[in-house]
Amino acid sequence: LSSIENHIHVEVRKIYPDAELPTFEVIEKTQDTLVMIYKSSRAMHHFGLGLMNKTFEHFNSKASIVLEKLNEDGTEVKFLINKN
């Protein structure tokens, strides 16, 4: 998940050069914790949450994900991800 900007979004832009993608800034990364800030004018953070949950499911891994709205409209959200 921490490489979404440098890996996944790069590949998406190859297919959809004009895609309006959110940004994810890694604030903290340890062996068991990842804190990221999501920013998007579309406020689709719940879609991002679903993709994160499915990513863990796909890799047979477990994590708890808490999101905290930093802007009331959901255009900026903090994701706190802890490995279980």
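Let's start at Lys 69, which you'll find in strand S3. This is a predicted model, so keep in mind that we're reading a computed structure. Lys 69 is partly exposed, because its relative accessible area is 44% and that class runs between 20% and 50%. Leaving out residues up to four places away in sequence, Lys 69 touches His 45, Gly 74, Glu 76 and Val 77.

Now hop over to Glu 28, in strand S1. Counting along the chain, Lys 69 and Glu 28 are 41 residues apart, and their C-alpha atoms sit 17 Å from each other in space. Glu 28 is also partly exposed, at 39% relative accessibility. What does Glu 28 touch, if we skip residues up to four places away in sequence? Its partners are Thr 33, Leu 34 and Val 35. You can also look from Glu 28 across to His 46: these two are 18 residues apart along the chain, with 21 Å between their C-alpha atoms.

So which charged residues do pair up? The structure holds three salt bridges. Take helix H1 to begin with. Lys 14 forms a salt bridge with Glu 11, and the closest N and O atoms are 3.1 Å apart. Both residues lie in H1, three residues apart, which is about one turn of the helix. Lys 14 is exposed, with a relative accessible area of 60%, while Glu 11 counts as partly exposed at 36%.

Helix H2 has a pair of its own. There, the side chains of Lys 54 and Glu 57 meet in a salt bridge, at 3.2 Å from N to O. Again the partners are three residues apart, about one turn of the helix, and both are exposed.

The remaining pair joins two loops. Arg 42 forms a salt bridge with Glu 20, the closest N and O atoms being 3.7 Å apart. Why does this pair tie together parts that are 22 residues apart in sequence? Because Arg 42 lies in the loop between S2 and H2, while Glu 20 lies in the loop between H1 and strand S1. Both ends of this bridge are partly exposed: Arg 42 has a relative accessible area of 47%, and Glu 20 has 43%.

While you're in the loop between S2 and H2, have a look at Ala 43, which is placed there too. Ala 43 has a positive phi of about 55 degrees, although it is not a glycine. Ala 43 is partly exposed, with a relative accessible area of 25%. You'll find another positive phi at Asn 60, near 50 degrees, again in a residue other than glycine. Asn 60 lies in the loop between H2 and S3. Is Asn 60 buried or exposed? At 75% relative accessibility, Asn 60 counts as exposed.

Let's head inside. In soluble globular proteins, nonpolar side chains tend to be buried together. Here, the largest nonpolar core has 13 residues, and those with the most contacts inside it are Phe 24, Met 36, Met 52, Ile 65, Phe 79 and Ile 81. Strands S2, S3 and S4 and helix H2 each supply at least two residues of this core. Zoom in on Phe 79 for a moment. Apart from neighbours within four places in sequence, its contacts include Phe 24, Met 36, Met 52 and Ile 65, along with others such as Tyr 38 and His 45.

Finally, the empty spaces. Rolling a probe the size of a water molecule over the atoms shows where empty space is left. The largest pocket holds about 500 Å³ of space. It has 21 lining residues, and Ile 4, His 9, Phe 24, Phe 47 and Leu 51 are the closest to its centre. Helix H1, strand S2 and helix H2 are the elements that give two or more residues to this lining. By class, the lining has 13 nonpolar, six polar and two charged residues.

The second largest pocket has about 280 Å³ of space. Of its 14 lining residues, Leu 1, Leu 34, Phe 56, Ile 81 and Lys 83 lie nearest its centre. S2, H2 and strand S4 each supply at least two residues of that lining. Sorted by class, this second lining has five nonpolar, six polar and three charged residues.

How values were computed
Residues numbered from 1 in each chain as written. Predicted model: local features only at pLDDT ≥ 70, side-chain atom pairs only at ≥ 80, totals over all residues. Heavy atoms only, no water. 1 Å grid on protein atoms, 1.4 Å probe; cavity = no way out; pocket = protein on both sides within 12 Å on 5 of 7 lines; lining within 4 Å. Points joined across faces, edges and corners; volume = space filled by probe spheres on them. Helix = DSSP H or I, 4+ residues; strand = E, 2+ residues; numbered from the N terminus. Nonpolar A, V, L, I, M, F, W, Y, C, P; charged D, E, K, R; others polar. Core = buried A, V, L, I, M, F, W, Y, C linked by side-chain atoms within 4.5 Å. Buried < 20%, exposed > 50% of the residue type's maximum accessible area, 1.4 Å probe, protein only. Contact = heavy atoms within 4.5 Å. Salt bridge = Lys/Arg side-chain N within 4 Å of Asp/Glu carboxyl O.
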